[in-house]
Amino acid sequence: MSTQEYDREKELKAFDDSKAGVKGIVDAGATKIPRIFVHEQARYHQKSGSKDCKFTLPNIDFKGIDNDATLRREVIEKVKDACLNWGFFQVINHNIPVTVMDEMIEGVRKFHEQDTELKKPFYSRDFTRKFLYYSNFDLYKGPAANWGDTIFCIMSPECPETEEMPAVCSFLIASMGLQILWSFGLAILDIYALAKKKVIHNAGLVSLFVVGDWVTATLSLAAAASSAGITVLYFSDLGGCSFGEECQKYQMAVGLAFLTWVTIGISSVIMFWILAAG
C-alpha cells in the first residue's frame, strides 16, 4: 500500500469503532499485522546484540512499608520514578497470595476469550467508568498502536455495581471481595479479644461466624469445582495439557483449593457445634 493510499486516521477509527480490539483481528484470521501497529522507527537495519543490554528493570520491595514511614516515602518515590521513566516495574514482598493473582489472571483470560459481541458493551474510552475495556489508551496520539487489549476495574473508594461488571468477572471479584472482608473482620475481632483478654462466646457472634464460614466454604467449593472442570477438560476431553510444568502447578492448585474447602468446612462444622453447645 502506498503512502498516498494509507489514511492512518481512517484506519484507527475503523479499528476503534469495531470494538473488537487486537483479539478481534486475530479471530478474523488476519495473516499480516495492520499498518497502524507498525512503528516507522522500527524500520532500521542496525541489529542490537545482547551486549547492548546494560539496564535492569526496576525491582521495588514493599517489605516493611506499613511500619516505617521513611521507608514508605522512599518506596513511593521509587514507584513514581518507575512509572515516569519506565512505565512498568516489578514488586516483591507485596503479600498478595499467588492464588489470588492466578485467579485474577484467569478472570482476565476468560473475559478476553469471550465472543466479541459480549465484550462490546464494555468497550469505551470513558475513563470515568469503573470497568473499562479498550485497546491502546493513546490510540490516536501514539506513533504506532500497541498489540494488546486492556481491561481495568476501579475498586476504590467504591466497588463497581454488579451490573457494571461483565458476567465472567463479577463472580470472581464479588467472591474475592467477600473473602477479604470476612478475613479482615475476623482478624480485627481476634486482635481486640487478645488485647482486652476477653473470651468471646456470644451467641450472636457465634451465629455470625457459622453463617460466614458456611458462605465462604460454599464459595471455595464453587471455585475449586470450576477449576477442576478446566483440569478435566484439558486432561480428559483434550487428551492432555501442552503447557508442561504449568499444568502440574495448576493441578496442584486445584487440589489445594479442595483442601481449603475441606478446612473451611471443618471450621464451619466446629462453629455450628459451639453454637449448639451454647
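**Buried faces, salt bridges and two cores**

Biologist: Let's start with Asp-16: buried or exposed?
Modeller: This is a predicted model, so everything here is read off predicted coordinates. Asp-16 has a relative accessible area of 10%. The cut-off for buried is under 20%, so at 10% Asp-16 counts as buried.

Biologist: Which residue forms a salt bridge with Asp-16?
Modeller: The partner sits in a distant part of the chain, 109 residues from Asp-16. Asp-16 is in helix 1 (residues 8-18), while the partner lies in the loop between helix 5 (116-119) and strand 3. The closest N and O atoms are 3.1 Å apart, and the partner is Arg-125.

Biologist: And Arg-125, how much relative accessible area does that one have?
Modeller: Asp-16, on the other end of the pair, is buried. Arg-125 is partly exposed, with a relative accessible area of 26%.

Biologist: Which face of helix 1 is buried, or put another way, what arc do its buried residues fall within?
Modeller: The buried residues in helix 1 are Leu-12, Phe-15 and Asp-16. Seen down the axis, they line one face of the helix, because they fall within an arc of 95 degrees.

Biologist: Which helix is included in what covers those buried residues of helix 1?
Modeller: A clue comes from the largest nonpolar core, which has nine residues, among them Leu-12, Phe-15, Val-22 and Ile-25. Two elements give two or more residues to this core, and helix 1 is one of them. The other also belongs to the cover over the buried residues of helix 1: helix 2.

Biologist: Phe-37 is in that largest core too. Which fellow core residues does Phe-37 touch?
Modeller: Leaving out residues up to four places away in sequence, the contacts of Phe-37 include Asn-136, Ala-144, Asn-146 and Trp-147. Its contacts that also belong to the core are Phe-15, Val-22, Ile-25 and Ala-145.

Biologist: On to helix 4. How far apart are its end C-alpha atoms?
Modeller: Helix 4 covers residues 98-112, so there are 15 residues at 1.5 Å each, and the expected span is 21 Å. The model agrees with that, since the end C-alpha atoms are apart by 21 Å.

Biologist: Which residues of helix 4 are exposed on the side away from its buried residues?
Modeller: The buried residues of helix 4 are Gly-107, Phe-111 and His-112. They cover an arc of only 130 degrees around the axis, which puts them on the same side of helix 4. Exposed on the other side are Val-98 and Thr-99.

Biologist: What residue does Glu-106 meet in a salt bridge?
Modeller: An α-helix has 3.6 residues a turn, so residues three or four places apart point the same way. Glu-106 and its partner both lie in helix 4, three residues apart, about one turn of the helix. Glu-106 is partly exposed at 23%, and the partner is partly exposed at 42%. The side chains meet at 3.5 Å, N to O, and the partner is Arg-109.

Biologist: What N to O distance does the salt bridge of Glu-117 and Lys-120 have?
Modeller: Glu-117 is exposed, with a relative accessible area of 51%. Lys-120 is partly exposed at 28%. Their side chains meet with an N to O distance of 3.2 Å.

Biologist: How many salt bridges are there by the count?
Modeller: Asp-16 with Arg-125 is one of them, and Glu-106 with Arg-109 is another. The count comes to five.

Biologist: Which residue of strand 3 does His-112 touch?
Modeller: His-112 is found in helix 4 and is buried, at 15% relative accessible area. Its contacts, not counting residues up to four places away in sequence, include Lys-23, Lys-119, Asp-149, Thr-150 and Ile-151. Strand 3 covers residues 131-134, and the contact of His-112 there is Tyr-133.

Biologist: Which residue is the bridge partner of Leu-132 in strand 4?
Modeller: Phe-131 and Tyr-133 point one way from strand 3, Leu-132 and Tyr-134 the other way, and all are buried. Strand 3 runs antiparallel to strand 4 (residues 150-153), and four bridges join them. In strand 4, Leu-132 pairs with Phe-152.

Biologist: Last one: how far apart in space are Asp-27 and Thr-116, C-alpha to C-alpha?
Modeller: Asp-27 has its place in helix 2 (residues 21-27) and counts as partly exposed, at 47% relative accessibility. Asp-27 and Thr-116 are 89 residues apart in sequence, yet in space the C-alpha to C-alpha distance is 9.4 Å.

Note on methods:
Residues are numbered from 1 along each chain as its sequence is written. This is a predicted model: local features need pLDDT of at least 70, side-chain atom pairs count only at pLDDT 80 or more; totals for chains, interfaces and linings use all residues. Side-chain values use heavy atoms; hydrogens and water are left out. The expected span of a helix is 1.5 Å times one less than its number of residues. Buried means under 20% relative accessible area, exposed over 50%, partly exposed in between (1.4 Å probe, protein chains only). The arc is that of the directions from the helix axis to the C-beta atoms. Two strands pair if DSSP finds at least two bridges between them. A salt bridge is a side-chain nitrogen of Lys or Arg within 4 Å of a carboxyl oxygen of Asp or Glu. Contact means heavy atoms within 4.5 Å. A nonpolar core is a set of buried Ala, Val, Leu, Ile, Met, Phe, Trp, Tyr and Cys residues joined through side-chain atoms within 4.5 Å.
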